[in-house]
Amino acid sequence: MDEHDWVNIIPVLVRGCLSVRQQHMSNIFTAISDLPPEQRAIQDKCFHPTGRFVEFKREEIEQSIPDRFEQQVAKHPDRLAVKTKSHQFTYDELNKAANRVARAILAQRGEGNEPVALLLEQGAALIAALFAVLKAGKICVPLDPSLGRARITSILEDSQAGLIVTNSMNFHLAIKLARNALKLINLDDLGSRIADENPALSISPDTLSWVLYTSGSTGKPKEVANNHRNLLHNALIRTNAFHICEHDRLTLLASGTGLATGNILSTLLNGAALYPLDIREEGVAPLADWLIQEEITIFYLGVNIFRHIASTLTEKEEFPKVRLIRLGTDQVTKNDVELYKKHFSRSCILVNLLSTSETGTFRYYFVDKETSISGNSVPVGYPFEDMKIPLLDEGGKEIGVNGVGEIVVKSRYLSPGYWRRPELTRAAFLPDPKGGDERIYLTGDLGRMSEDGCLEHLGRRDFQVKVRGFRIETGEVEMRLSNHTAIKEVAVVAQRYQSGDKRLVAYFVPSSKPAPNTSELRRFLSEKLPDYMIPSAFVMLEAMPLTPNGKVDRKALPIPDSSRPELDTPYVAPRTPVEKEVAQMWAEVVGVDQVGIHDNFFDLGGHSLAATRVISRVINTFKVELPIKFLFESPTVADMAVVITENMVKEARPEDLARMLTELEAISEKEARQRLADESR
């Protein structure tokens, strides 16, 4: 049989496997019982103190998102809708701003359901723009300006967006991306000359509303499409589970292409207030004060960010208004529950969720101060109404109690599929074997079910991983890295370090010597991938470990040791007490034995969350003002030590000042001699 025969027979085999799986699944979907008493008791405490919760009713999802939003505007025109450090909107102001942008979109493109790209940083303007796209009957395609030009271009080309909505900050980038082929709208140029009445278009709940781009294993992003109905259903689930009401204040910490759709809609479709904060700019250290100052009631965040926040707390902080913390994006552990119990009030509830872009939220587990976690990980819990969740083996047969199988979701409120990828859609989404209007989504996640229907999440079946809250297909990173001319073989996995952090690690076999070092490989990947997809460590191997059938044995790949990686920069030891203390901080945070004063923080394995930990420790130790962006702009110990020392000099006593100045002069003379020596070689 040659390769042409395989091309013909593979589709037949795939259809046969799906047919067998559907036959096995035809009788396994039955409704799972309601919450057990102890879970119901905790959920019953999950109310805003005003008790003003209004149920999101089932019939209310049979409309468009703008319809539901405009109903909230009519009820609460003067209530705060969105607040950032620099701007805020009432519901009436947000609606009028969205209407002006919607009318500008319609003037440019006319009516019709087509993609519109949003090239905007997180904030009030972005929220107004995305509602504008939906009001115009278009499909929202969010673009994170920080992703890099190559990746944004790929998304634009794939989405086939004909229009980019941006602002003055990103306008020059938008011009380059448009290439004179796409139309542009600059929000800062619209002013108030456009009418601000509702466009009042008739939009079916089946109309496509949003396309979210996630990392894909084939080297191109995977595009999850959503319609108005399935996003409204997800808002219904969150509203009714957490009793979200008009008096709640919810956080929006997420950044990137996903934009935390569920957070936005479950807030603004209930008359509540949304508080966006870009932690890439602000860092983690100010979050505790911000939560208290803004009287946040519902705190949505990834578990890794939660751990970093907890590490900055002193036990003196009080969060009397926070009534619910919702964790997600990675496995929640028993230690995380202990941190919650230690730092938050008795009236605060912790919730662990399981969700995907394709399904929305479909499992939840409530924790209070009396909850006891038996194992090391926290379950993802029990199903929402309309979301039936069995576990299946590879042949499509249901797995019994305590068995491990693939998590499958059956509902009529799933994503329509993947944008312009019908083959991928048919592989992941199956029709109801009984011929109903429900569909089946194969998540690729593994789980174990207890006797009472409580689900434990065991991670991905394939090589998709979540690192620091980002969903990554390691195959995409491998594909990019394998394009390097000096690399023969490569494998990328997520390894959990002794610190508990999960990090992306790349293993490679070089095709020639000398092998590329970490600095070179990071530079190479930074031209192709966003920073969250660049591995924290690169490990050179003489050969890949293999399984008996010749595949890479990923379980046999070693966890990187703590030695300093090979870098472009030669090691230079710390010279002053400040440099020594800063280098030690860096070493502890990134998990390496030795840090040179000219080493790049990110080449050592540092990332944005680790940067916030370093800045927090520097501020607490040296009592200096140091913004998080400093480490991104000047990522060396030497640069940081100079700023710290300059601040210390201002506050120093005369006898200490003389010593500090002597140290600085000695450093300057030594570096000058080194530069002369380098120039003479």
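Me: How do you know that this predicted model holds 0 disulfides?

Reply: A disulfide requires a pair of cysteine sulfur atoms within 2.5 Å, and the structure, a predicted model, holds 0 such pairs. Cys-348 serves as an example: the closest cysteine sulfur, in Cys-46, is 9.1 Å from its own sulfur, too far for a bond.

Me: Why is Cys-348 called buried, and what makes Cys-245 count as buried?

Reply: The term applies under 20% relative accessible area. Cys-348 has a value of 0%, and is therefore buried. Cys-245 has 3% relative accessibility, so this residue also counts as buried.

Me: Why are β24 and β26 said to stand at the edges of their sheet?

Reply: The sheet is open and has 3 strands in the order β24-β25-β26, with mixed pairing. β24 (487-496) and β26 (537-540) each have a single partner strand, so one side of each is left without a neighbour in the sheet. From one strand to the next, the twist averages 25 degrees.

Me: What makes β25 and β26 a pair?

Reply: At least two bridges between two strands are needed. Strand β25, residues 502-510, is joined to β26 by 4 bridges, so the requirement is met. These two strands run parallel. Within β26, Met-540 is the bridge partner of Phe-508.

Me: How do you know that helix α16 packs on the sheet?

Reply: Contact means heavy atoms within 4.5 Å, and helix α16 (residues 518-526) touches β24, β25 and β26. The direction of α16 makes about 120 degrees with that of β26.

Me: What makes β1 and β2 an antiparallel pair?

Reply: The cut-off is at least two bridges. Strand β1 (residues 80-83) and strand β2 (residues 88-90) have 3 bridges in the antiparallel sense, and therefore pair. Val-82 stands opposite Phe-89 in β2. The connection from β1 to β2 is a hairpin through 4 residues.

Me: How do you know that the span of helix α17 is close to the expected one?

Reply: The expected span is 1.5 Å times one less than the number of residues. Helix α17 (residues 577-590) has 14 residues, for which 20 Å is expected, and the helix reaches 20 Å from its first C-alpha to its last.

Me: Which residues of α17 are buried, and what follows the helix?

Reply: Among the buried residues of α17 are Val-578, Val-582, Met-585, Trp-586 and Val-589, and Glu-579 is buried as well. Gly-591 follows α17, and the phi of Gly-591 is positive, near 80 degrees.

How values were computed:
Residues numbered from 1 in each chain as written. Predicted model: local features only at pLDDT ≥ 70, side-chain atom pairs only at ≥ 80, totals over all residues. Heavy atoms only, no water. Axes fitted to C-alpha atoms, helices over the stretch in contact; angles between N-to-C directions. Buried < 20%, exposed > 50% of the residue type's maximum accessible area, 1.4 Å probe, protein only.
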